[in-house]
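Welcome! Please take a moment to look over the sequence and the structure below before reading on.

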There are 4 protein chains.
Amino acid sequence: MTVSVVITARPSYARVKTAIQALHTRDVDVNIVCAASTLLDRYGRVADVIKKDFRCEVTELWSTYEGATRETSAKETGTLLSECASHFARVKPDAAVVIADRHEVLAPAMAAAYQHIPLVHLQGGEHSGSIDNRVRHAITQLADAHCVATLDAQDYVKRILPGATVWLTGCPSIDLAGGIDQDDCVTLEELGGRGDPMDLSQPFLVVLQHTDTRVESNAFDMLSTLTACEASGYPTICFWPGEDADADSVSKQMRTFNPAIPFRTVRNLPPERFLKLLTQASCLVGNSSVGIRECAFLGVPVVNIGLRQERRERASNVLDIPTFDVRAIQFAIAQHATRTFASSPLYGLPGSGDLVAHAITQTVLTHRAAKQRTYVA
Amino acid sequence: MTVSVVITARPSYARVKTAIQALHTRDVDVNIVCAASTLLDRYGRVADVIKKDFRCEVTELWSTYEGATRETSAKETGTLLSECASHFARVKPDAAVVIADRHEVLAPAMAAAYQHIPLVHLQGGEHSGSIDNRVRHAITQLADAHCVATLDAQDYVKRILPGATVWLTGCPSIDLAGGIDQDDCVTLEELGGRGDPMDLSQPFLVVLQHTDTRVESNAFDMLSTLTACEASGYPTICFWPGEDADADSVSKQMRTFNPAIPFRTVRNLPPERFLKLLTQASCLVGNSSVGIRECAFLGVPVVNIGLRQERRERASNVLDIPTFDVRAIQFAIAQHATRTFASSPLYGLPGSGDLVAHAITQTVLTHRAAKQRTYVA
Amino acid sequence: MTVSVVITARPSYARVKTAIQALHTRDVDVNIVCAASTLLDRYGRVADVIKKDFRCEVTELWSTYEGATRETSAKETGTLLSECASHFARVKPDAAVVIADRHEVLAPAMAAAYQHIPLVHLQGGEHSGSIDNRVRHAITQLADAHCVATLDAQDYVKRILPGATVWLTGCPSIDLAGGIDQDDCVTLEELGGRGDPMDLSQPFLVVLQHTDTRVESNAFDMLSTLTACEASGYPTICFWPGEDADADSVSKQMRTFNPAIPFRTVRNLPPERFLKLLTQASCLVGNSSVGIRECAFLGVPVVNIGLRQERRERASNVLDIPTFDVRAIQFAIAQHATRTFASSPLYGLPGSGDLVAHAITQTVLTHRAAKQRTYVA
Amino acid sequence: MTVSVVITARPSYARVKTAIQALHTRDVDVNIVCAASTLLDRYGRVADVIKKDFRCEVTELWSTYEGATRETSAKETGTLLSECASHFARVKPDAAVVIADRHEVLAPAMAAAYQHIPLVHLQGGEHSGSIDNRVRHAITQLADAHCVATLDAQDYVKRILPGATVWLTGCPSIDLAGGIDQDDCVTLEELGGRGDPMDLSQPFLVVLQHTDTRVESNAFDMLSTLTACEASGYPTICFWPGEDADADSVSKQMRTFNPAIPFRTVRNLPPERFLKLLTQASCLVGNSSVGIRECAFLGVPVVNIGLRQERRERASNVLDIPTFDVRAIQFAIAQHATRTFASSPLYGLPGSGDLVAHAITQTVLTHRAAKQRTYVA
């Protein structure tokens, strides 16, 4: 049994890693496809991390345009669609697995669906802002099986696709969160990046703020967030945003920010170490889904700003600030960064990767059986 | 106000033509984009028909691969996505309009959605078989406004997108059906094509049978249908299938079929004349949505075979045969071809094009107003 | 040692087949890439012929756009360039081999050259008309080694690339010509195609006339040629043109030609059988390079019309008619079809494939040695 | 008369700017196409400079992949070829103008040649290293008219294309060099970039060193050059390399270089100001063709390292160091940076842009006349 898993970004890898491990234990031949920003040095060459983690070869499909505008988001998805179509036609996998909702993920989803290769979608059914929300639901409409992370997500998928195969698996990133070493703290040396020295055993903030493709003010919004962090007085570590339209202007804002507090910018950490760092932090600030998902399980306080995560379910660790108002953010950090939260099972419990692997193999077996009748899908 | 309308196939033009006319009467600058099979001689170069109908220039975006496999369906959609992205970035339309559910229609839909150009989708919310079903619903998830043809379609769109703007407009092709000249019959000379002479004032059958991307037996299924037509004794006119995966093998079956009845193969008629021909025919046989939609209004008897139209709403003019069994089809033709049916308003009444044009302009105005606030979509 | 051989059309296969055989005897791992029209039923799916001939898998790279205009010629070459780049990056061949001068051949040539994979070009240095002439010389400028068919070609390559590695190998298609079975004549049944019956043991003409991308009159020129054939009174077999801009209008002319003589249209024969058929024919009429190359060796009379083969060296079997004048062509056929010619070694002698294989392996070895120094090319 | 000029990089603009001005004075409608790195912030968004210089709109064709490997060089050229094909088919220019030899320039050249749009190539016939050398000569083989900069270049083009139209125009960048303001020196503030302060009225070095696609040691070679500059004791301004395979590793070397001398890195200056800066510098160090061309006219001392410019003609201002040996480079700088040179007319004299404009309009007129006969090219 051959299963293609298409990974297009750093956080997507965190959300499928233990599922790949569980497929390996089931003797499935996993064809890992690394596309988009996983191939780029600027995003930490996740492809190389994956090769090392699994001691395997990966298929590299280059597609990211330089420039990162809304136009190039569309164009690079078109390019990746053509590449994935050729790849699937050559490899003929028994199933294709795609993760979450980034713009380019529609490419492998369509390439599989159009060729009637059983398509398994992880993390469908959730809600958010940005173009991601539409992309996620469009992928759901193309998929044959759905591994969802929450009960609400399951309800939504069942509502729009009555009779669909929906598996409540939780998110495999919770496996990583559950496996964090309690002792082995991230050090400044391991953290890397650029900027001021700081003591990671003392309180600090982590900022992870992506662009919302719907707004024109992404760079200004980043400035507001960073200004609020500065006003809060905490040392701050700011991670680079993902490869989305307008990301370059946000990065530029980060590079030129010169605050009175200790401040570092960092490109990348391996998934497990990034989660460990979050447990060390007083608070995660920004608009990343990591704050909603993994931090729910970790009990890390999160100040979630803006509408990028609108309508996504959250646990009590998330404090929402709807607009990028410096004073509101500053106030939220001051209140929230000293609190502690119990672990929430909202996005799953450890063991999720195994459930996902089970769902994938079952999907293959079901389609094989169905293929012996007339209709292939 | 500039509106881009993307047309990718012959039947799609029939389903938007009167809406374009109605946009013109509203002084909207309509940028017509002709892509995919509308540019090909083999499918009657619909682009030239459009140019002549509206005395205008059209934008030509070439994308169709020769060969028509499932792989090339995906690849040509990728190509068209890149082309549409460039086109929309250059033209900057106030809205983009896409029609129905062919595989390549996801390309302009994504190109518009990713650039946050308000996207209007015609004929969403319906159900069918083939990959078209998934494509249709995926487009719905990307669209900003929805012009649906039936009440059930409206219900489905509202169910999956609570709060979405859904306009019950009916299908503009009903405008064409309602405008058919009662007297001016299609003659053999006008019909053209290849094959035997026949008298179009006497009973005859029309066959229009597309491929279902899910099955491997498309060519064989066409043979079954044609064999049943031959057994029924009616002279038969068979139209070429649309540009979908596996279409070439179906065409080949048509070309080499040499029956005892008078038999013609035809590539193309202008939309209005095709509908007129259907009113002259005793029965339409095959699996086209024309049988379900336009023929409901026209009251033309339809023998609908197989699962390509599964779950699409039908009026009483449709007799369903679930499998390509020659005897079952022959029996259905014998029963059904002599019946007459009243016109059904299931897919709309004349005036639909005007309703669609209204919905489009309202969508533009609504988004303009919204843009003055922070969020563009 | 892995060598990628990229084949994009029926005649290109004839011109590399014995070289592939000779590579196999040298234990080279030959990666055969079938692209463009080799994948299309309309051109006889040469890819399947190749699979059968060598009992091997081939890499299929789909790229041909339907429509065949000058615009799509450029676009499909762009598509193929991207595909070949990915393919070579994945396979990492020790050398890439490209053949002749069709528009799409620049794609694999660039993909190899840009990645500094040693590029071997077959049949460079010759002259002709059409865009092919420019393409051929551009490929020469990109290539690392050149297997030329004639002394003049060798001179030209050496003139433009002083110091280049140029191998005078002759054309491997001569191996096929030299291996023709003297007895096993092509029969009407084997020939296939459509049209009138004819006796292939009696005199007949073969027409093979491709488009010249520089002219607008390709369809009319085909009509002139066929009219002249009709006037000559010989039964005529007309082969379909290659996949070039404007080919569809030529094909249409062929399909609708309805002469007073026995007339057949044929899509495809395996290379060896096509050459055998030429030896049975009284004369080859048209503008194909087969008339100039293989027919020189076979001694088949050729009436070569127009400027598509301008400046290509010819043996005495070729009678040139510079314009598509019906009377001039008719006169030439009348004169030339009854003549006989001795075999000419102008484009090589049997054994050419072996010489080409030797050149390819030497190129690999030379580059391996060079790579141990700093510069890779 | 409409002429498309395709600009893909900063230096290419310098080499066509005055020709565009001269076309405007001839009332030619100039369609400026900005592609590849001209659209990227990282390379100074030359497209915006052009818009401002000519107060005009430009056509933007996005094509650059992020990552800059040999594979993506090929892929982005394929993408640009498809884009240019569509663009030319839409605009239908009377001629297309392409400049020099970067890898992506083959794309517009092929798009024009395949559509038989008269193609004018600037700066053909010269020799160099890197893949550029092959690209340049391949473009020459596709072009209809050639504007060459030197007598040797003219000889080479005439040798490989006997009978071709070759215009000895010189390089339009010499117009910019000739128009430099003797007084208005570049200041540190205008220079911008990052790094240490320095006094531009005192001796300093400028480094401009691109990658050579043939070698694996580009990053290390940059380190050697910078180390030699440091050893020379001169303050050093290092410009970013062009967008070629491996450029990112060179950039990284620049970013992390932390020498004992004052050191700045700069992304971009407008062409005229860059040339002015060179006249202020003691010496240009690296492997850029600017050192060979514009600096010949300016009499600026140049230490040219490695084989990237091998076989290009040079004036006496160029001192060649064949390998990246730190001591050899240091010695060359010490010797050469204090010398002065007279202006050399090797690559043209001011007035070149006007000669190029004349050649372009003549090419259009000649082809128009030719088109009235049968053959279009």
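This report visits the chain symmetry, one helix, one strand residue and several salt bridges. Please keep in mind that the model is predicted.

**How two chains are related**

Let us begin with chains A and B. Chain B can be superposed on chain A by a rotation of 180° with 0.0 Å of shift along the axis, and the RMSD is 0.0 Å. That is the relation of a two-fold axis. The same surface serves both copies, since 100% of the contact residues of chain B recur in chain A.

**A helix in chain A**

Next comes helix α4 of chain A, which covers residues 70–91 and so has 22 residues. From its first C-alpha to its last, α4(A) reaches 31 Å, close to the 32 Å expected at 1.5 Å a residue. Is this helix mostly enclosed or open? Of the 22 residues of α4(A), 20 are buried, so the helix is largely enclosed by the rest of the structure.

Both ends of the helix have a detail to look for. At the start of α4(A), a side-chain oxygen of A:Thr69 comes to within 3.2 Å of the backbone nitrogen of A:Glu71. Following the helix is A:Lys92, which has a positive phi, near 50°.

**A buried valine in chain B**

Now turn to B:Val30, found in strand β2 (residues 29–35) of chain B. Why does B:Val30 count as buried? Its relative accessible area is 13%, and buried means under 20%. Leaving aside residues up to four places away in sequence, B:Val30 touches B:Val3, B:Val5, B:Ile20, B:Leu23 and B:His24. For a sense of scale, the C-alpha atoms of B:Val30 and B:Arg314 are separated by 33 Å, and these two residues are 284 residues apart along the chain.

**Salt bridges**

Side chains of opposite charge can pair when their charged atoms come close. Over all chains, the structure holds 108 salt bridges. Three of them are set out here, with the N to O distance and the accessibility of each partner.

| Acidic partner | Basic partner | N to O distance |
|---|---|---|
| A:Asp354, 41% (partly exposed) | A:Arg26, 30% (partly exposed) | 3.0 Å |
| C:Glu66, 6% (buried) | B:Arg42, 24% (partly exposed) | 2.5 Å |
| D:Asp48, 36% (partly exposed) | D:Arg45, 15% (buried) | 2.9 Å |

Where do the partners A:Asp354 and A:Arg26 sit? A:Asp354 belongs to helix α16 (residues 352–371) of chain A, while A:Arg26 is in the loop between α2 (17–25) and β2 (29–35). The pair links distant parts of the chain, as its residues are 328 residues apart.

The salt bridge of C:Glu66 with B:Arg42 has partners in two chains. C:Glu66 lies in the loop between β3 (59–61) and α4 (70–91) of chain C, and B:Arg42 lies in the loop between β2 and α3 (46–54) of chain B, so this pair joins two chains.

In chain D, the salt bridge is between D:Asp48 and D:Arg45. Here D:Asp48 is partly exposed at 36% relative accessibility, whereas D:Arg45 is buried at 15%.

Salt bridges can also share partners. In this way A:Asp101, A:Glu126, A:Arg136, A:Arg293 and A:Arg312 are joined into one network.

Terms used. Residues are numbered from 1 along each chain as its sequence is written. Chains are lettered from A and ligands numbered from 1 in the order in which they are written. This is a predicted model: local features need pLDDT of at least 70, side-chain atom pairs count only at pLDDT 80 or more; totals for chains, interfaces and linings use all residues. Side-chain values use heavy atoms; hydrogens and water are left out. Helices (H or I, at least four residues) and strands (E, at least two) are DSSP runs, numbered from the N terminus. Buried means under 20% relative accessible area, exposed over 50%, partly exposed in between (1.4 Å probe, protein chains only). Contact means heavy atoms within 4.5 Å. Copies are superposed by least squares on the C-alpha atoms of residues with pLDDT of at least 70 in both. The expected span of a helix is 1.5 Å times one less than its number of residues. A polar contact is a pair of N or O atoms within 3.5 Å; within protein, one must be able to donate a hydrogen and the other to accept it, and residues adjacent in sequence count only if both atoms are side-chain atoms. A salt bridge is a side-chain nitrogen of Lys or Arg within 4 Å of a carboxyl oxygen of Asp or Glu.
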